Amino acid sequence: QSAVPSICGMPLKYVSLVTLAVQNALLTLIMHYSRVSAAPSQTYSAASAVLLTELLKGSISLTVAFLRLDYCSPNSPSGSSLWNPRVLLYRFRRLGKEVFRPDCWKLSIPAILYVIQNNLQFVAVSNLEAATFQVSYQMKILTTAAFSVVMLRKKLSPTKWLALLFLAIGVGVVQIQNGSSSGHSTGSLHDMNAFKGFMAVVMACFTSGLAGVYFEMVLKNSQADLWVRNVQLSLFSLLPALVPIIFSDASPARPSPGWLQQLFANFGAWAWATVLIQVLGGLLTALVIKYADNILKGFATSLSIVISFLASVALFNFQMTLTFVLGSTIVLVATWMYNQPDAPAGDNFYPKEGR
Ligand code: C5P
């Protein structure tokens, strides 16, 4: 197990979990607002936002990976500063070797899944109320648990299974209220299609669970640095992120004078805010998966329900009904139940190495 670093004396594990909860709430609200506050013909391209996010995340991860490289190893050029050209060249070559190590292909699977998920998230958030999206997205816990059982052979206690059942019921109750409500939120210029939104959430939860567990498996079963893994993830994301762009009207494959402007048309402050918060979320998710795990991540994001729920009422005039409150409460209780510690024998997540 890796040593857990800390920031100002607080373990990075908890700092990243709390920051992730706030980031999740902010992302849902800002992404929702950025999509529904403009008419569909005047909104920015979700595919361009996903591509931009990957490019930014990849560049940040590459910089961190580069700075973290140990250049004082026995083979490194001796007695020189980081900015010495020989040291720089040596570092670039070492980083290249790390990034393109033989097992780098393993990251192609979560990379494709995350790109699909990130695109689906835009469909979902454009067709559901922010708070409804947030609660429905908690089904990630269900899919994450299912993939953890199948892929990591994690054993779940009866309490955890019961919590999962409650979670499914809670999300179902929230959907009842959603189905009977009108498809327009205040300030929205979009017609929202709740069924389309819900289908997108279900598929996004599926890809989130699979990608998260797969990433955790790759990360914890090898010695490679987290930031190098992030660079690999972003590199493998570029191709699938480009696919919808190549088939769009603004495709660089069909060169027209202003294809770049077209690609980033209507990219205003809210679109940039969405991308930046998404970048922060990606980096935090990676830290949480490394220093905690996917299950704790589910707990952190469910805390964000409360934050975005209250903000939705204030900002988007979201109508709080009894069914919504009931459904959300069941989801929160289920999440709390799920995160109660098991008897020690119940947890064989990483039987060989321990955690
Ligand atoms: O909803 P969930 O927690 O599954 O979302 C994970 C998000 O974090 C996705 O947007 C994914 O692209 C991002 N991520 C990342 N780097 C990782 C793991 C996840 O950018 N190493």
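**View 1. Asp-103 is buried, with a relative accessible area of 15%.** On this scale, buried means under 20% relative accessible area, exposed means over 50%, and partly exposed is whatever falls in between (1.4 Å probe, protein chains only). Before going further: this is a predicted model, so local features need pLDDT of at least 70 and side-chain atom pairs count only at pLDDT 80 or more, while totals for chains, interfaces and linings use all residues. Residues are numbered from 1 along each chain as its sequence is written, and side-chain values use heavy atoms, with hydrogens and water left out. Asp-103 sits in the loop that links α3 (85–99) to α4 (108–127). Helices (H or I, at least four residues) and strands (E, at least two) are DSSP runs, numbered from the N terminus. If you skip residues up to four places away in sequence, Asp-103 touches Ser-222 and Arg-229; contact here means heavy atoms within 4.5 Å.

**View 2. Zooming out, the whole protein has 13 helices and two strands.** Of its 355 residues, 50% count as buried. Take the contacts with a separation of 6 or more, and 82% of them come from residues 24 or more positions apart. The protein exposes about 16,900 Å², with carbon and sulfur atoms supplying 69% of that. Accessible areas come from the Shrake-Rupley method with a 1.4 Å probe, and for residues only the protein chains shown count as cover.

**View 3. The ligand has 14 residues around it.** A residue makes this list if one of its heavy atoms lies within 4 Å of the ligand. Lys-57, Asn-118, Lys-140, Ser-208 and Lys-297 are the closest. For polar contacts, look for pairs of N or O atoms within 3.5 Å; within protein, one must be able to donate a hydrogen and the other to accept it, and residues adjacent in sequence count only if both atoms are side-chain atoms. Ser-208 puts a polar side-chain atom 2.6 Å from a ligand oxygen. Lys-140 does this at 2.7 Å, and Gln-117 at 3.1 Å. On its own the ligand exposes 470 Å², and the protein buries 93% of that.

**View 4. Phe-147 belongs to helix α6 (residues 139–151).** With 15% relative accessibility, Phe-147 counts as buried. Its contacts beyond four places in sequence are Leu-152, Phe-206, Gly-209, Leu-210 and Val-213. For a sense of distance, the C-alpha atoms of Phe-147 and Arg-86 are 46 Å apart, with their positions 61 residues apart along the chain.

**View 5. Leu-156 and Arg-153 share the loop between α6 and α7 (158–180).** Leu-156 is buried, with a relative accessible area of 13%. Not counting neighbours within four places in sequence, Leu-156 contacts Ala-145, Val-149, Trp-161, Leu-164 and Tyr-338. Its C-alpha atom lies 44 Å from that of Arg-91, 65 residues away along the chain. Arg-153, by contrast, counts as exposed because its relative accessibility is 64%. Check the backbone too: Arg-153 has a positive phi of about 50° despite not being a glycine. Most residues other than glycine have a negative phi.

**View 6. Asn-266 also has a positive phi, of about 60°, and is not a glycine.** You'll find Asn-266 in the loop between α10 (259–263) and α11 (269–291). At 42% relative accessibility, Asn-266 counts as partly exposed.

**View 7. Cys-104 and Cys-205 are both buried.** The relative accessible area is 14% for Cys-104 and 1% for Cys-205. The structure holds zero disulfides, where a disulfide is a pair of cysteine sulfur atoms within 2.5 Å.

**View 8. The UniProt entry, an unreviewed one, lists transmembrane regions at residues 161–177, 197–215, 227–247, 267–289 and 296–316.** UniProt positions are given in the numbering used here, feature names are shortened, and annotations may be inferred rather than shown by experiment. In the model, residues 197–215 are 100% helix and 0% strand, with end C-alpha atoms 26 Å apart. Residues 227–247 come out at 95% helix and 0% strand, and there the end C-alpha atoms are 31 Å apart.
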